[in-house]
Amino acid sequence: QVQLVESGGGSVQAGGSLRLSCAASGSIFSINVMGWYRQAPGKQRELVARITKGGITNYADSVKGRFTITRDNTKTTVYLQMNSLKPEDTAVYYCNAGVTTLAYYGMDCWGKGTQVTVSS
């Protein structure tokens, strides 16, 4: 069984910064893509940023230049550095990973989410 555990959410004023972390654990053989999605009240879940095992990144247009996604050397932890936060960044942020175990290839795994609230 694979678990993704997020941390680092919270409340901040506009212009502030937060850093989210997501650690994957369990019977993991490898993880290809790891990413962050978010869902605001009344809206669909959307991609924020993702990073491949090789370090290739892509970002939503709304966060380019403000957010940075990275992975640690073990490739099982992903971070999202969020700077210049705006009230419209308020959402529940979810970690996502494409995990390969001995039994499954490319299993789509999700964390439980962490709340980010940005006040004006």
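## Exercises: rings, a core and a sheet

There is one aromatic pair by the rule used here: rings of Phe, Tyr and Trp (its six-membered ring) pair if their centres lie within 6.5 Å, and planes under 30 degrees apart count as stacked, over 60 as edge-to-face and the rest as tilted. This is a predicted model, where local features need pLDDT of at least 70 and side-chain atom pairs count only at pLDDT 80 or more, while totals for chains, interfaces and linings use all residues. Residues are numbered from 1 along each chain as its sequence is written, and side-chain values use heavy atoms, with hydrogens and water left out.

**Exercise 1.** Work out which residues form the aromatic pair, and which strands they lie in.

*Solution.* Start with the rings: Tyr37 and Trp110 sit edge-to-face, 5.0 Å centre to centre with 65 degrees between the planes. Next, place them on strands (DSSP runs of E, at least two residues, numbered from the N terminus). Tyr37 is in strand 4 (residues 30-39) and Trp110 in strand 10 (residues 107-110), so the pair links parts 73 residues apart in sequence. Now check burial (buried is under 20% relative accessible area, exposed over 50%, partly exposed in between, with a 1.4 Å probe and protein chains only). Tyr37 is buried at 17%, while Trp110 is partly exposed at 34%.

**Exercise 2.** Find which residues of the largest nonpolar core touch the most other members.

*Solution.* A nonpolar core is a set of buried Ala, Val, Leu, Ile, Met, Phe, Trp, Tyr and Cys residues joined through side-chain atoms within 4.5 Å. This one has 30 residues, and Trp36, Val48, Phe67, Val78, Leu80, Met82 and Tyr93 touch the most other members. Then look at who contributes: strand 9 gives the largest share, five residues. Finally, take Tyr93 and skip its neighbours within four places in sequence: its contacts (heavy atoms within 4.5 Å) include Trp36, Tyr37, Val48 and Phe67.

**Exercise 3.** Lay out the order of the open four-stranded sheet, and say which strands stand at its edges.

*Solution.* Two strands pair if DSSP finds at least two bridges between them. The order reads 1-3-8-7, with antiparallel pairing. Strand 1 and strand 7 are the edges; each has a single partner strand, so one side of each lacks a neighbour in the sheet. Zoom in on strand 7 and strand 8: they pair over five bridges, and Thr68 has Gln81 in strand 8 as its bridge partner. Strand 8 (residues 77-82) also holds Thr77, which is buried at 12%.
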